[in-house]
Amino acid sequence: MTKAAAGTRPGHSDRDAWTDKLELELTLVHSVPRELVNRVLEEVAEAVTETGQRAEELFGPAEEYAARVATERVDAGHRSTRDFEGRTPATHFRQGMVAGGIAVLIMAAVGTFNGEELSGASALLLSLSTSVFVAVGFAVFPALRAAGRTRTAWLHGAVAGVITAVGVHLAALPAIRDAHPFPFPPIAAAGCGVLLGALGLAIPAQAVNRWFSPGEGRRLDDEQWLRRLGELLHGRHGLPLRTAQRHVTEAREHLAATGRGAQQELGQVEVYAMDLTDGPGRAVQRTRHQFLGALSSMAVFAVLFTLTLLDSDSGGSAPWVHAVLFVCATAWTIVLFRRTKVR
């Protein structure tokens, strides 16, 4: 199917842009199954061909139409496995592993071009500890949060932080720095980055989802159901803890008043949690979460850049890399801040 057929008319690139935007919204934002995406695009193409009108005139803005399709035509059970960003734990894990691998590659390249003299043992310790921290921070932590396992996510983050701190400390010890050299130059750390990305792409999504959400969809007793509701509202759907607990209290009081079981009265907990958080507030929550992430990145890069400037021995590419990262993070933070104000 050509773009001209998919909701466009020849010579009008704005129609192409509308269809492309619809496909991106359905696929990336709402995680709509590919079969339904293709069917929707075919329906748009047929409607445009029959009426001769623009797709936007028939269906409205691409973002709003994509949201309607995701809400009205996607099975509730399928949608309930997505967090407020529209991603499953497996999506977070796989994308995070690839992004983390790229980050390790960049760090390895900066370390190599910066001309730092490291023994093989020091380089190996730094590479392994950094890879653990990056894998947890980029992939495991967000995947566990999307699964509603926020406490476990923080536990993994704390363990990864300890491992990284121990690795950095050991790599700086004179006994390690002056150990008998063996061939592990800093650029060899790039292999750790490649390995992270390869693992993220190689592990099947279904297996990853089972790891992070082993009890998804199973039958629960009332207390388990209510506890799981709070976990999903706070972790998967990003509600403040106090708001999530208020919903749990309301559900508990409702069950006490009716005398019925949670699963019988309110249905599957994943679907119920999604219904409570569905609507315009989901997009607002997504933007705020992105803003907080960008703000954290800006703070980290600001600290790195400041430490580089204060270090009299610093040189090479490191200061420039930190400066560029800080500027990019600051610009993105400003953009997201403006979006939060608009909303």
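Modeller: Let's start at valine 132, which lies in helix H7 (residues 120-146). Helices here are DSSP runs of H or I with at least four residues, numbered from the N terminus. This is a predicted model, where local features need pLDDT of at least 70, side-chain atom pairs count only at pLDDT 80 or more, and totals for chains, interfaces and linings use all residues. Residues are numbered from 1 along each chain as its sequence is written, and side-chain values use heavy atoms, with hydrogens and water left out.

Colleague: Is valine 132 buried or exposed, or in between?

Modeller: Buried means under 20% relative accessible area, exposed means over 50%, and partly exposed is in between, using a 1.4 Å probe and protein chains only. Valine 132 has a relative accessible area of 32%, so it is partly exposed.

Colleague: Which residues form a nonpolar patch with Val132 on the surface?

Modeller: A patch takes residues with over 30% relative accessible area and no salt bridge; nonpolar side chains (Val, Leu, Ile, Met, Phe, Trp, Tyr) are joined within 5 Å, like charges within 9 Å. Here Val132 is joined by Leu155, Val159 and Ile163, and together they have about 310 Å² of accessible area, computed by the Shrake-Rupley method with only the protein chains shown as cover for residues. Helix H8 (residues 150-172) gives the largest share of the patch, three residues.

Colleague: And why is helix H15 described as largely enclosed?

Modeller: Helix H15 (residues 269-277) is largely enclosed by the rest of the structure because seven of its nine residues are buried. Among them are Val271, Tyr272 and Met274.

Colleague: How many salt bridges are there?

Modeller: Side chains of opposite charge can pair when their charged atoms come close. The rule asks for a side-chain nitrogen of Lys or Arg within 4 Å of a carboxyl oxygen of Asp or Glu, and the count comes to ten salt bridges. In one of them, lysine 21 pairs with glutamate 63, with the closest N and O atoms 2.7 Å apart. That pair links distant parts of the chain, 42 residues apart: lysine 21 is in helix H1 (residues 13-29) and glutamate 63 in helix H4 (residues 62-73).

Colleague: Which side chain does arginine 34 meet in a salt bridge?

Modeller: Arginine 34 meets glutamate 23, at 2.8 Å from N to O. Arginine 34 lies in helix H2 (residues 34-51) and glutamate 23 in helix H1, so this pair ties together parts eleven residues apart in sequence.

Colleague: Which residues are linked in a network of salt bridges?

Modeller: Asp83, Glu85, Arg87 and Arg145 are linked that way.

Key. Areas by Shrake-Rupley, 256 points an atom, 1.4 Å probe, with all protein chains shown as cover. Helix = DSSP H or I, 4+ residues; strand = E, 2+ residues; numbered from the N terminus.
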